[in-house]
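Please look at the sequence and the 3D structure below before reading on. The report that comes after them is meant to be read alongside both.

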Amino acid sequence: MLDVFIFATLNGLVTGLLLFMLASGLTLIFSMMGVLNFAHASFYMLGAYFAYSISLYFGFWTGLIFAPLIVGVLGAFVERYGLRRVHQAGHVAELVFTFGLAFLIEEAVQFFWGPGTKNYQQPELLDFPLFTLFGQEFPAYRGFMIGISITIFIGLYYLLTRSRIGIIIQAAITHPKTVANLGHNVPLIFMGVFGVGTALAGVAGVIAGPVLTTFPGMAVVLGSIVFVIVVIGGLGSLAGAFIASLLIGLLQSYAIASDVGVPDLLNLLGLEFARDHPLTDLWTMTLPQIAPILPFLLLVLVLIFRPTGLLGKREQ
Amino acid sequence: MAFLKKSTIWIAYLLALLVLPQFFNSILAISIYNQMAIAIVFALSYNMLLGQGGMLSFGHAVYFGLGGFLAVHTLIMIEFETVYFSIIFIPLVGGVIGLLAAIFIGSFSTHKAGTVFAMISLGIGELIAASSLIFVSFFGGEAGVSGDRTFGPPLFGVEFLQDVEIYYLAAGWVFIATVFMYLFTQTPAGRMANAVRDNPERAEFIGYSARRVRFISFCAAGFFAGIAGGLFALNYEFITEENLNAATSGRVLLMAYIGGLGYFIGPIVGAVILTLMNSLLSNYSELWMLYLGILFLLTVMFLPRGFAGFIMMHQVAWIRGKLHTLFIPYLLTGIPALILILSCVALLEMSHIEEEVLHYLGLELNPATLLTWVITIVIASASLFAIRLTLPRLRAAWEAANAIPDSEDG
């Protein structure tokens, strides 16, 4: 029991940190431009695919450095020539634009790399068990994923709060006009933040590709969950996104690892229902079965009872 | 007079719907018409949300799908004689289910418009799509559920064995649904939906609850989406989880947006364009989804009011009687633009094709030789150059045609 719990916690941590790598970029972009970037997970997918192609020739580590850079440049390009143009038409148009972009990137990935799954492998250097607990091995690559995410977050935190550029960014979020009057190029800052945000998504793709498989549907699988996180955490709140990421990661991990369901509950209550009842699926439901819908259930509940999210600011 | 003019449009619409199968009556054509009929009702219902009510929904397929599933289950019930009525009322069953689902979901999701509404609709869409794979006995899992439409009592001897009979049934429903959706825009509720979309605060100040106004639009949209779902069930006689997931929700957004949100006719245009692309283009190219994505992004960026908006842009020139002055500039820019599009498509197809030669517009292009590529790229660049050359003239003609005649109030 304890071993299941520990491994579920570790796996939940890996997923949660990975989700936060996407959610942090999305949150930063949202707090700057007020637009939820629907295509954010598509940049994550592009990261995985670029890294795969680079790793074929130059190995995993080169991909880890260059794939996010390419993704970041692409992201900045999208902001400069796409989003900025649509911006005048309002938030709905922006949301629709990023939605279309997500659609287009998925098709483009299928065009360039084909519809099949890519054999993107983790580096041999990390192909060993980090430690063995209760006879179960914990792969070193997952430890590496935890390490690299935490390193990036600490770096990002110091960049945002301690460096001059970070202070300008923070000011540009709340008072863009004042910052512009002080002589800073606010559109350039926006473009930069969009680029860095998408590059972060690219990093997440590079390191998640070997574990979560690299295929054209990977953006859709993760994309809606990242949205859920950003909304649950409170739109624009980095700390909220962090809590929500870990919450969702752990919740899903525990639900999958658990072995309970409605039948157990009914046994406990001493109830029994006929097997051929039309609602039989309800009696036989198990927790691992409903794990994929838990984030969405949580989203709907949060939006109904606390529309601002966990740490979101109160609306004017 | 105004009434007469309006009813002429509606009679023309009805006639067009009825006469359509007389021109192209192959099996393929009829099946495309049926898809169009479903898509028109669905896209129009989506426009009630986004175009008229300002609510961006990423989960509109939920009402379409739930209506469709209940419709198929009703067909099964008719087959086993649990209930007994003509299948022409099946779309109404779908509509009622869509309405009930919308009443339930709308009771908590219409509190806010904008991003919050979009996120709730996304969450609920994903929730129901994911649950549909869990509740296998109702949704049939990945295989879906299927019924048979021929068991109901025949209507005047028609047993709905053939697709063309379903077409006339669908055309009738499309006409009724279109009329009612148009009438809805003319009611106070429909007018207030526009007001709440544009400025919810002001609408509240004059005494309307923005939430209630949104709720009414939302329920109406759910009802008509359910009717579309019922039509889908009648046409295909089966329905799967795919019909209520995010992909279907996305497709209806594409239809409404490409057609033009601000206009009542927009979604009809979009539904026709997308159905044609879906069923004709997919025969010729594996890349049609890529083209659809490009078309959509270009529409969002350059034609934010869609195709209908593009046509309506010419209203001023039309009223001033200057539309003919635009004809030649359009032709001069349009022909190179068409060549540019065609050569770009050729480039994409050549890089994707696995066979030896590409049959394209009656030509046989060989992707293996460098010369083919060079020629295509040269043609593309030449047409791009021609567009840049002729664009100023088009712009000047456009401004001349729309210029305000000398007056102060302009």
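What follows is a report on how the two chains meet, on the nonpolar core, and on several single residues.

## Where chain A meets chain B

The model is predicted, and every value below is computed from it. Across the boundary between the chains, 38 residues of chain A are in contact with 34 residues of chain B. On the side of chain A that touches chain B, the elements that give two or more residues are α3 (60-87), α4 (91-113), α9 (218-233), α12 (280-283), α13 (287-290) and α14 of chain A. Of these, α4(A) gives the most, with 14 residues. By class, that side of chain A is made up of 29 nonpolar, six polar and three charged residues.

One helix pair across this boundary can be described in detail. Helix α14 of chain A, residues 294-305, and helix α5 of chain B, residues 114-134, have axes that come within 9 Å and that cross at roughly 145°. The crossing in which α14(A) passes α5(B) is left-handed. From α14(A) the contact draws on F296(A), L297(A), L299(A), V300(A) and L303(A), while α5(B) contributes V116(B), M119(B), I120(B), G123(B), I124(B), E126(B), L127(B) and A130(B). Sorted by class, the contact of α14(A) with α5(B) holds 11 nonpolar residues, one polar residue and one charged residue.

## The nonpolar core

In soluble globular proteins, nonpolar side chains tend to be buried together. In this model the largest nonpolar core has 185 residues, and those with the most contacts inside it are L22(A), V226(A), I229(A), V41(B) and F224(B). Helix α10 of chain B, residues 210-236, supplies the largest share of this core, namely 17 residues. For V226(A), leaving aside its neighbours within four places in sequence, the residues in contact are L19(A), L22(A), A23(A), L26(A), H40(A) and A41(A).

## Domains of chain B

The domain assignment divides chain B into domain 1, which covers 19-310, and domain 2, which covers 315-402. Taken over C-alpha atoms, the centres of domain 1 of chain B and domain 2 of chain B are separated by 35 Å.

## Single residues and their surroundings

Four residues, each in a helix, are set beside a partner from elsewhere along the chain in the table.

| Residue | Partner | Separation along the chain | C-alpha to C-alpha distance |
|---|---|---|---|
| A129(B) | E241(B) | 112 residues | 6.6 Å |
| M218(A) | E106(A) | 112 residues | 9.3 Å |
| L338(B) | S383(B) | 45 residues | 8.6 Å |
| A401(B) | M312(B) | 89 residues | 14 Å |

A129(B) has its place in helix α5 of chain B, and A129(B) counts as buried because 25 other C-beta atoms lie within 10 Å, where 20 or more are needed. Apart from its neighbours within four places in sequence, A129(B) is in contact with E241(B), L244(B), N245(B) and A246(B). M218(A), which is placed in helix α9 of chain A, is likewise classed as buried, with 24 C-beta neighbours inside 10 Å. With neighbours up to four places away in sequence left aside, M218(A) is in contact with M45(A), A48(A) and L212(A).

L338(B) lies in helix α16 of chain B, residues 327-352, and has 11 C-beta neighbours inside 10 Å, so L338(B) counts as exposed under a limit of 12 or fewer. A401(B), in helix α17 of chain B, residues 370-402, counts as partly exposed with 19 C-beta neighbours inside 10 Å. The residues that A401(B) touches, not counting those up to four places away in sequence, are A317(B), R320(B), K322(B), T325(B) and L326(B).

## Two loop residues with positive phi

Which residues other than glycine have a phi near 60°? In chain A there is T213(A), with a positive phi near 60°, placed in the loop between α8 (186-212) and α9 of chain A. T213(A) is partly exposed, with 15 other C-beta atoms within 10 Å. In chain B there is E237(B), whose phi is also positive and near 60°, and which is found in the loop between α10 and β2 (238-239) of chain B. E237(B) has 17 C-beta neighbours inside 10 Å and counts as partly exposed.

Key. Residues are numbered from 1 along each chain as its sequence is written. Chains are lettered from A and ligands numbered from 1 in the order in which they are written. This is a predicted model: local features need pLDDT of at least 70, side-chain atom pairs count only at pLDDT 80 or more; totals for chains, interfaces and linings use all residues. Axes are lines fitted to C-alpha atoms, for helices over the stretch in contact, and angles run from 0 to 180 degrees between N-to-C directions. Helices (H or I, at least four residues) and strands (E, at least two) are DSSP runs, numbered from the N terminus. A crossing is left-handed if the near helix is turned anticlockwise from the far one by less than a right angle, and right-handed if clockwise. Two residues are in contact if their C-beta atoms, placed from the backbone, lie within 7 Å. Ala, Val, Leu, Ile, Met, Phe, Trp, Tyr, Cys and Pro count as nonpolar, Asp, Glu, Lys and Arg as charged, and the others, Gly among them, as polar. Domain bounds come from an automatic or database domain assignment. A nonpolar core is a set of buried Ala, Val, Leu, Ile, Met, Phe, Trp, Tyr and Cys residues joined through C-beta atoms within 7 Å.
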